[in-house]
Amino acid sequence: MSRRTLCEGEVAPGFEPVRRAFAEELARGAEVGAALAVYAQGKRVVHLWGGVADVQTQEPFLASTPVLVFSVTKGLVAMAFALL
């Protein structure tokens, strides 16, 4: 069963290498499915997604696919304390 590795989304001019790197990681199997958003100076400059959300059904990973995020607040809290 082949995995969908198509990289979809958009990048601002100058961020094309991010799209290439993201697509390469999906193609080599580093991730089954993933999404990436990058903001610079308050503007979204990268919005990418690709791969599959479910390996068994081959359901594609979409921009709206929900994901779990573990321990993301630890770094933010540490940064806030450092700024204080």
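Q: How are helices and strands assigned and numbered here, and in what order do the elements of the protein chain run from the N terminus on?

A: Helices (H or I, at least four residues) and strands (E, at least two) are DSSP runs, numbered from the N terminus. In this predicted model, the protein chain has 2 helices and 4 strands, and its elements run β-α-β-β-β-α from the N terminus on. Residues are numbered from 1 along each chain as its sequence is written, and side-chain values use heavy atoms, with hydrogens and water left out. Local features need pLDDT of at least 70 and side-chain atom pairs count only at pLDDT 80 or more, whereas totals for chains, interfaces and linings use all residues.

Q: What span should helix α1 have?

A: The expected span of a helix is 1.5 Å times one less than its number of residues. The 13 residues of α1 (residues 16-28) should therefore span 18 Å, and the end C-alpha atoms are 19 Å apart, which agrees. After α1 comes Gly-29, with a positive phi near 85°.

Q: What radius of gyration does the protein chain have, beside that of a compact globule?

A: The radius is taken over C-alpha atoms, and the globule rule is 2.2 Å times the number of residues to the power 0.38. For 84 residues a compact globule would come near 12 Å, but the protein chain has 15 Å. Along the principal axes, its C-alpha atoms fill a box of roughly 50 × 30 × 20 Å.

Q: How much of the protein chain counts as buried?

A: Buried means under 20% relative accessible area, exposed over 50%, and partly exposed in between (1.4 Å probe, protein chains only). Of the 84 residues, 18% count as buried.
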